Every structure is written in structure tokens, then in C-alpha cells.
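Me: Please take a close look at one part of this model. I would like the packing between the helices.

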Amino acid sequence: MIVLGVILLIIGFVTGISILWTIGLILAVVGLVLWLLGSLGHAVGGRNHYW
């Protein structure tokens, strides 16, 4: 999710399409929050681990 957000941020910045910039920013922030919660040991999506 973080990688997709960053890719959309780059594409939105280069092409000047603001909706891609917005969606990319939202995906990157949500991905970072989920990654942070998972690394702190909280169950994300009902899972304690990813495998």
C-alpha cells in the first residue's frame, strides 16, 4: 500500500493530475499507519502476524 501510494504520488506530481496526488497521499499515510500498528504488536485485521 505504501509503494502504490508513492508511485501514485510520483505519477500525479509528474503529470499534474491532482486526484492521483491525493489518492497517493491517502494510500501512503494509511499504509504507514497500518505498518506502524503492526510493528507495535497490535493485531491489524484480526491477525497477529502476516503469515
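Reply: Here is the helix packing, starting from the whole chain and ending at one residue.

This is a predicted model, in which local features need pLDDT of at least 70 and side-chain atom pairs count only at pLDDT 80 or more, while totals for chains, interfaces and linings use all residues. Residues are numbered from 1 along each chain as its sequence is written, and side-chain values use heavy atoms, without hydrogens and water.

The chain has two helices and zero strands (DSSP runs, H or I of at least four residues for helices, E of at least two for strands). Buried residues make up 14% of its 51 residues (buried is under 20% relative accessible area, 1.4 Å probe, protein chains only).

Helix 1 spans residues 2–15 and helix 2 residues 18–39. They pack at about 160°, axes 7 Å apart (lines fitted to C-alpha atoms over the stretch in contact, with angles from 0 to 180 degrees between N-to-C directions). The two helices are therefore roughly antiparallel (over 145 degrees).

Helix 1 contributes I2, L4, G5, L8, L9, I11, G12 and F13 to the contact. Helix 2 answers with L20, W21, I23, G24, L25, L27, A28, G31, L32 and W35. Contact means heavy atoms within 4.5 Å. These residues divide into 14 nonpolar, four polar and no charged (Gly counts as polar; Ala, Leu, Ile, Phe and Trp are among the nonpolar; Asp, Glu, Lys and Arg are charged).

Now G24, in helix 2. G24 counts as buried because its relative accessibility is 0%. Leaving aside neighbours within four places in sequence, G24 touches G5, L8 and L9. The C-alpha atoms of G24 and L8 are separated by 4.7 Å, though the two residues sit 16 residues apart along the chain.

Technical notes: Parallel < 35°, antiparallel > 145°, perpendicular 65-115°, else oblique. Buried < 20%, exposed > 50% of the residue type's maximum accessible area, 1.4 Å probe, protein only.
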